[in-house]
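Please report on the salt bridges of this protein, then on one helix and one lysine. Keep it short and give the cut-offs.

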Amino acid sequence: MTDNQQMSLFPPRTVAELVEDIEQLTQEIQELYCEDNIPFVIGWSGGKDSTVVLQLVWNAIAALPPEKRTKTIHVITNDTLVENPIVTAWVRKSLDRMKIAAQKQGMPIQPHLTYPAIQDTFWVCLIGKGYPAPRNRFRWCTERLKIKPADSFIREVIRTNGEVILVLGTRKAESVKRAANMAKHREWRVRDRLNTNPSRPNSLIYLPIEDWRTDEVWLYLMQWQNPWGNNNKDLFSMYRGATADNECPLVIDTSTPSCGDSRFGCWVCTMVNKDKSMEAMIQNDEEKEWMQPLLDIRNDLDIKDDHDKRDFRRIYGKVELFERNVDGEISVKPIHGPYTKYWREHWLRRVLEAQTHVRNTAPPEMRDITLITPEELSEIRRIWLEEKHEFDDSLPRIYEDITSEPFQDSRPSAERKLLGSDEWTVLEEICDQDEMHLELMAKLLDTERQYHTKSRRGIYEALEKCFNSSSRSREDAIDHAYYQRHLKNTVQDIKQDLSDVHELRQAWDKPKQEKPKQLSWASLKFPEPDSEDTEDVDG
């Protein structure tokens, strides 16, 4: 939301009015805290809005007598593992300070850092499973990276305590869209700034600064000391180094706005045209030029047409057709699926190269940066071997090529295998550059290997899946999909024709009803005798 829009919708307040509002909020927070045993969960992203909220709550509770500070206040921060590295470092150091300060001050505050499940991380989905970079029509990231980890923590708090109050830094002045979304949720309002949560039973949402303007947020941060030892001027410097001013909120459900152009978002985000914030940070500060390889990866992922990098089948091996209507012109084309083996290996190389480069060129405090964790690498390797049947096991080789270090897999029995790169090379020679033949042979061999130590039950179904997905060439598989579509449409047309004929037959078989005669004065005065009367007269 622009400054002019904020001025028109949220008139400026004097410092005295802001101070008065802060005093009222302090009392309101204390009353909300003391009136029951429902724990607080504060969503803290490390950005300006969530920092204001945490400071307000911290200072309000600190003003209570120690014997009244009995209710736990959870501070939850979600790390998607692809956050802006500058912000990640800031957040981790802040959480450490927060934990130490809470213990020293006798505050019932417990910081928590949540992560997505290993099978849901960005690189496991993109490099391991081959999911294409997120788009509006396939936005697979928000649910896996943000909603599920936060929701899992909140559900655990509810399970333990029965209820929870979520304290968020959402503000109407952040954007017109967010203001409209917040207005829509007013129907669930319990009292000022407190709503029931329609997506999570037994939870309330408290929005203490929903009506604050951005300049008031910064005024508070600059004039009120941070209670856990952070320097809010450092936070201001981070914002000043980037063009965007929004931050990423704690995303608790699909109605919560995600980051968009946010500063405090994922460095791989392809939901926006450009990562203006990272570009500005690199351009404005020579000490941040080490992030350029990250920006390059993000920009290479964000291309309009990536069909040449993706399989012509869906992830389960089936060709599916989609009917598009562009300006009245209808076309039917295959839906492209996951990244191919070549491109999944390509993105792995790029990420490992960037990680190695950063560790060698970044400032000393950032040289322990991890762009892709060992656990993610292990899961990617497992997917390639067990689900993709790529028994050439290329991940350890790629890792050693880039890092000059052997890959240490934490999974038990990860190195026990009957097939490897030698067998793959032989198979490639036998198949003579026929990709589909190679894929089919690899799947069949690896399926047999997987059942080598198992019961044979189910092996025939598994082998049948291999043939169904990989026995046809690309052209034949697509032609077969068109044929199946044509056959299905023909059957539907025949069924419709038969239904129409049946309806006509029923209509024809119905006894014809004579049209009612138009009544006239003569017919009323001299009615015609009915058939029974006529027979009596003639008789």
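A search of the whole structure finds 35 salt bridges. A salt bridge here is a side-chain nitrogen of Lys or Arg within 4 Å of a carboxyl oxygen of Asp or Glu. The model is predicted: local features need pLDDT of at least 70, side-chain atom pairs count only at pLDDT 80 or more, and totals for chains, interfaces and linings use all residues. Residues are numbered from 1 along each chain as its sequence is written, and side-chain values use heavy atoms, with hydrogens and water left out.

Three of the salt bridges are listed here.

| Salt bridge | Closest N to O distance |
|---|---|
| Arg 314 with Glu 320 | 3.2 Å |
| Glu 390 with Arg 344 | 2.6 Å |
| Glu 386 with Arg 382 | 3.3 Å |

Burial is scored by relative accessible area: buried means under 20%, exposed over 50%, and partly exposed in between (1.4 Å probe, protein chains only). Arg 314 is partly exposed, at 28%. Its partner Glu 320 is also partly exposed, at 24%.

The Glu 390 and Arg 344 bridge has both residues buried. Its N to O distance is 2.6 Å. This pair links distant parts of the chain, 46 residues apart. Glu 390 sits in the loop between α13 (374–387) and α14 (394–403), while Arg 344 belongs to helix α12 (residues 341–361).

The bridge between Glu 386 and Arg 382 stays within helix α13. The two residues are four apart, about one turn of the helix. Glu 386 is partly exposed, with a relative accessible area of 36%. Arg 382 counts as buried, at 19%. Salt bridges that share partners join both of them into one network with Glu 379, Arg 381, Glu 387, Asp 393, Asp 409 and Arg 411.

**Overall fold**

The protein has 20 helices and nine strands. These are DSSP runs numbered from the N terminus: helices are H or I with at least four residues, and strands are E with at least two. Of the 539 residues, 48% count as buried. The protein exposes about 30200 Å², and carbon and sulfur atoms supply 49% of that area. Accessible areas come from the Shrake-Rupley method with a 1.4 Å probe; for residues, only the protein chains shown count as cover. Contact means heavy atoms within 4.5 Å. Among contacts between residues at least 6 apart in sequence, 71% join residues at least 24 apart.

**Helix α16**

Helix α16 covers residues 435–450, 16 residues in total. From its first C-alpha to its last it reaches 22 Å, close to the 22 Å expected at 1.5 Å a residue. The expected span is 1.5 Å times one less than the number of residues. Asp 434 caps the N-terminal end of α16, with a side-chain oxygen 3.3 Å from the backbone nitrogen of Met 436. Met 436 is one of the buried residues of α16; Lys 443, Asp 446 and Gln 450 are also among them. Their cover includes α13, α15 (421–431), α17 (459–470) and α18 (474–509).

**Lys 71**

Where does Lys 71 lie? Lys 71 is in the loop between α3 (48–62) and β2 (73–78). Lys 71 counts as buried, at 4% relative accessibility. Its side chain makes a polar contact with the side chain of Asp 36 at 3.1 Å. A polar contact is a pair of N or O atoms within 3.5 Å; within protein, one must be able to donate a hydrogen and the other to accept it, and residues adjacent in sequence count only if both atoms are side-chain atoms. Not counting residues up to four places away in sequence, Lys 71 touches Asp 36 and others, including Leu 32, Tyr 33, Phe 40 and Pro 108.
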